Amino acid sequence: MDIHITLQGKTDLAGQIYRQLRASIVDGRLAAGERLPSTRDLASQLSVSRKTTLDVFERLLSEGFLQSRPGDGTFVADGLQRIPVSSPIVHRARPTALWESLPAALSMPEYGSTPPLDFLGGVTDKSRFPFEPWRRCLNHAQRQQARGRAAYHDPAGEQELRLGISRYLAFNRAVTSNWQDVIVTHGAQQALDLLARVTLNPGDVVAMEEPGYPPARACFTAAGAKVISVPVDAEGLRVDLLPKEARLVYVTPSHQFPLGMPLSLDRRLALLEWAQNTGAAIVEDDYDGEFRFDGRPLESLKCLDRFGLVAYVGTFSKTMFPELRVGYIVPPLSLSAALLKAKQIVDWHSSTFTQAAIARFILDGDFAKHLRRIYKQYEARRDVLLKHLNGPLAAWLVPVIPAAGIHLTAVLKQGLTEASVISAAREQGVGLYGISSFYADTEPRQGLLFGYGGISEEEIEIALNKLADVFRALG
């Protein structure tokens, strides 16, 4: 019999034949027990080599779609469950109710869809990244991989990277730790997920800042926790309003997300005292604290912790670039063993190739040089932004001036809405983002988040001049 198969071009002929034969079997056009032409005949029909059709038949035989009867030929296998093309697909596999009701953690613009002048938060300027030293580090990692044998590695991460992180944290963030204390993760988000897995039971209470970081809220909610919002003021988290039953407190003390104020020293000490009295754990997310522009750096919660309460979480997404997906936890010793088990269960370990490259980048001093360079550039961008917010834009916006970080927020004055400003700015090629989505349980303030990690000084000038015209047009 002739089988209708259409070949396009001269490449992947075996793949084209395989996919069309398999589809004919699955949807019932080739019935169980039906004889197929010989490989020689099929090759002749399609004007391909016999080896091509032999390869296709061998693959379908190995997958159970065909049966060979010596001396009789090749047939479509019996007993295959097929779905007729005309039948509706019934989705019997369903997620649990929790996952169906869970909102998206943090909606990000579709890749490549952002305007030319974009204030997207949480991104860095890759054009300023030292790719030549980074390339050398990648080559080092490749040579290291080539020399070693294939094997699974330590769930905690590569020793060289853990050593580099511990040295960096001790010098730059005053977080004292041994390299054995560091656990490497796929970004800060996996760090939060692992901590939720090992500290929370369904129904446990987690306290979070309001407004706060939606992906963290989604992570704790997905673990079955009840997330309670705790307001912030000019000194950060209101420790006096923490629920006594909280099992975990998530906080961004260096640069409150999204508003930007640091957690005052009094509040830090009060939070540690509260956690000691209640037995709660604290997650300190230091997502961009490397970039501090005003005042003396405050001691991290981890640095002040004397009772094994604080899990310190960091990431390379803001200091290098997000695509790396590398972060870390420095947990209390009491959580380390459980976190290692959880890490191994989730993905065994992070990419050793990427870890080796980052380790070399840190230990060779290139990371420190990069931070010094990019710090000056971010500071200059921040100065331009504040010049406009305190000057031409002051009639419409009240900035919340942070001491650190690569974004700042500004509250809209009465009579203006996020939606109208964002829409009008986008028509002028300026990408703005609101802060109302960071509120979960209280009436949101209307304001804008200005990320300046991925936009140059010159672009900030142009964008904010356009924004002033937008405000004047809106009245």
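Guide: Welcome! In this predicted model, a helix is a DSSP run of H or I with at least four residues, numbered from the N terminus. By that rule, H11 covers residues 333–347, and Trp 348, with a positive phi near 70 degrees, follows H11.

Visitor: Why is H11 called a helix, and what is its span?

Guide: The run needs at least four residues and H11 has 15, so the name applies. From first C-alpha to last, H11 reaches 22 Å, close to the 21 Å expected at 1.5 Å a residue.

Visitor: What makes a residue of H11 count as buried, and which residues are they?

Guide: The relative accessible area has to be under 20%. Leu 335, Ser 336, Leu 339, Ala 342 and Lys 343 are the buried residues of H11. Their cover includes strand E5 (183–185), helix H7 (187–199) and strand E12 (327–330).

Visitor: Why is strand E6 called mostly covered?

Guide: With the cut-off for buried under 20%, six of the six residues in E6 (205–210) are buried, so the description fits.

Visitor: How do you know that E6 pairs with strands E7 and E9?

Guide: Pairing takes at least two bridges. Six parallel bridges join E6 to E7 (226–233), so that pair qualifies; Met 208 stands opposite Ser 229 there. E6 and E9 (246–251) have four bridges, again parallel, so they qualify too. In that pair, Ala 207 faces Val 249.

Visitor: What makes the β-α-β unit of E6, H8 and E7 right-handed?

Guide: Point the strands away from you: a clockwise path from the first strand over the helix to the second is right-handed. The path from E6 over H8 (214–222) to E7 is right-handed, so it runs clockwise in that view.

How values were computed: Residues are numbered from 1 along each chain as its sequence is written. This is a predicted model: local features need pLDDT of at least 70, side-chain atom pairs count only at pLDDT 80 or more; totals for chains, interfaces and linings use all residues. Side-chain values use heavy atoms; hydrogens and water are left out. Helices (H or I, at least four residues) and strands (E, at least two) are DSSP runs, numbered from the N terminus. The expected span of a helix is 1.5 Å times one less than its number of residues. Buried means under 20% relative accessible area, exposed over 50%, partly exposed in between (1.4 Å probe, protein chains only). Contact means heavy atoms within 4.5 Å.
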